[in-house]
Amino acid sequence: MRTFKVTAAFFVAVMLFAGCNAPTDAPTVPEEQYNALKEKYQELQDNQAALRDNFMDQASEMEKIFQELSSISGKTSALRLDVESGTAQVKQAEQIQTNIEAIRKRIEKLEKLASDKTYVNMVKELKGVLEQKEQEIETLKGEIELRDETIKQHEGTIAEQDNTINLQKIALQQKVNEQAKALYDAGVDFEELADDAPEVTRNKNKEKINEWALSMYEKAFIYYSKAELSGYAPASLKLEKVEAKMKAIRNSK
């Protein structure tokens, strides 16, 4: 406002001293003084134009900052929803923080240029809004990191439990294998006893020996069957052989 008054005063002065439409008896102004006033007037006009351009630039920059803050508000709302649904990622919060930091630098630059009191207050309010957004994002980021850490701990606990279960399975399977081998070995012992049955000539004695051998093969067959059920593969072949031996004894009667 002060600039405008000064400019108007000089404009009036120039018109008074111009002498173009003044009465012929009006006092004249030396040309040098006239040119100096004219130059001063032009300088004031240029200054006023520069101030106007600076004002418009600041207004344009502030409008852009308002728009970007509005965009950050939308991104923050979306992030909050993702946090509530458990799908938010730390990189989302970090991206918003990067945007906030870029706006902060622009506001600081604008703050240095602002001279008008209204602009100074507006910049101050912008900084307050920005700080509020920054705190909000920091809080959401902390929630995401806490959730990720909790998940990581749970996953570690589950992995440890799985490892324990796997070790227990291995130990159990090893024990089963040992038991299956023991059953198999018992079957081998009974089969060998039957195989080593003495040869006799008398029919009556031969019948008793065959009955005894058959009972040994039957016991061997039972143990081989249990070993096979326990997963001991060699027992399957033994079952076929023992079954054939029992069949031969039965057919010899």
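Which residues does Ile107 touch, not counting residues up to four places away in sequence? I looked this up in the model, which is predicted. Ile107 touches Ile65, Val123, Leu126, Lys127 and Leu130.

**Entry 1: overall layout**

I began with the secondary structure. I found six helices and zero strands in the protein chain. Along the sequence the pattern reads α-α-α-α-α-α. I then looked up burial and found that 23% of the 253 residues in the protein chain are buried. For contacts with a separation of 6 or more, I noted that 73% are between residues 24 or more positions apart.

**Entry 2: nonpolar cores**

I went back to Ile107 and looked up its core. The largest nonpolar core has 21 residues, and Ile107 is listed with Ile65, Leu79 and Ile103 as touching the most other members. I checked which helices supply this core: helix H2 (31–85), helix H3 (90–113) and helix H4 (117–195) each give at least two residues. I also found a second, separate core of 16 residues, with Ala194, Met216, Ala220 and Ala235 among them. As background, I noted that nonpolar side chains tend to be buried together in soluble globular proteins.

**Entry 3: salt bridges between H2, H3 and H4**

I counted salt bridges next, and the structure holds 14. I picked out the pair Arg80 and Glu136, whose side chains meet at 1.8 Å, N to O. Arg80 is in helix H2 and Glu136 in helix H4, so I recorded a link between distant parts of the chain, 56 residues apart. I looked up accessibility for both residues. Arg80 is partly exposed at 29% relative accessibility, and Glu136 is partly exposed at 22%.

I then looked at Glu94 and Lys141, which form a salt bridge with the closest N and O atoms 3.8 Å apart. Glu94 lies in helix H3 and Lys141 in helix H4, so this pair ties together parts that are 47 residues apart in sequence. Is Lys141 buried or exposed? Lys141 counts as buried because its relative accessibility is 14% and the cut-off for buried is under 20%. Its partner Glu94 is partly exposed at 36%.

**Entry 4: salt bridges at H6**

I moved on to Lys245 and Asp195, whose side chains meet in a salt bridge at 3.1 Å, N to O. Lys245 lies in helix H6 (residues 234–251) and Asp195 in helix H4, so the pair ties together parts that are 50 residues apart in sequence. Lys245 has a relative accessible area of 26% and is partly exposed. Asp195 is also partly exposed, at 38%. I traced the links further and found Glu191, Asp195, Lys238 and Lys245 in a network of salt bridges.

**Entry 5: the two sides of H6**

I checked the span of H6. This helix has 18 residues and reaches 27 Å from its first C-alpha to its last, close to the 26 Å expected at 1.5 Å a residue. Which residues of H6 are buried? I listed Ala235, Leu239, Val242, Met246 and Ile249. They cover an arc of only 95° around the axis, so they are on the same side of H6. I noted the general rule: an α-helix has 3.6 residues a turn, so residues three or four places apart point the same way. On the face of H6 turned away from the buried side, I found the exposed residues Leu237, Glu240, Lys241, Lys247 and Asn251.

**Entry 6: aromatic pairs**

I searched the whole structure for aromatic pairs and found three. Tyr184 and Tyr224 form a tilted pair, 5.5 Å centre to centre with 45° between the planes. This pair links distant parts of the chain, with Tyr184 in helix H4 and Tyr224 in helix H5 (residues 203–229), 40 residues apart. I looked up burial for both rings. Tyr184 counts as buried at 13% relative accessibility, and Tyr224 is buried with a relative accessible area of 0%.

I noted Phe190 and Tyr223 as a stacked pair because their planes are at 10°, with the ring centres 5.6 Å apart. Phe190 is in helix H4 and Tyr223 in helix H5, 33 residues apart. Tyr223 is partly exposed, with a relative accessible area of 27%. My final look-up was for clusters: Tyr184, Tyr224 and Tyr232 form one aromatic cluster.

Terms used
Residues numbered from 1 in each chain as written. Predicted model: local features only at pLDDT ≥ 70, side-chain atom pairs only at ≥ 80, totals over all residues. Heavy atoms only, no water. Core = buried A, V, L, I, M, F, W, Y, C linked by side-chain atoms within 4.5 Å. Buried < 20%, exposed > 50% of the residue type's maximum accessible area, 1.4 Å probe, protein only. Helix = DSSP H or I, 4+ residues; strand = E, 2+ residues; numbered from the N terminus. Contact = heavy atoms within 4.5 Å. Salt bridge = Lys/Arg side-chain N within 4 Å of Asp/Glu carboxyl O. Expected span 1.5 Å × (residues − 1). Arc of directions from axis to C-beta. Phe/Tyr/Trp six-rings, centres within 6.5 Å; stacked < 30°, edge-to-face > 60°.
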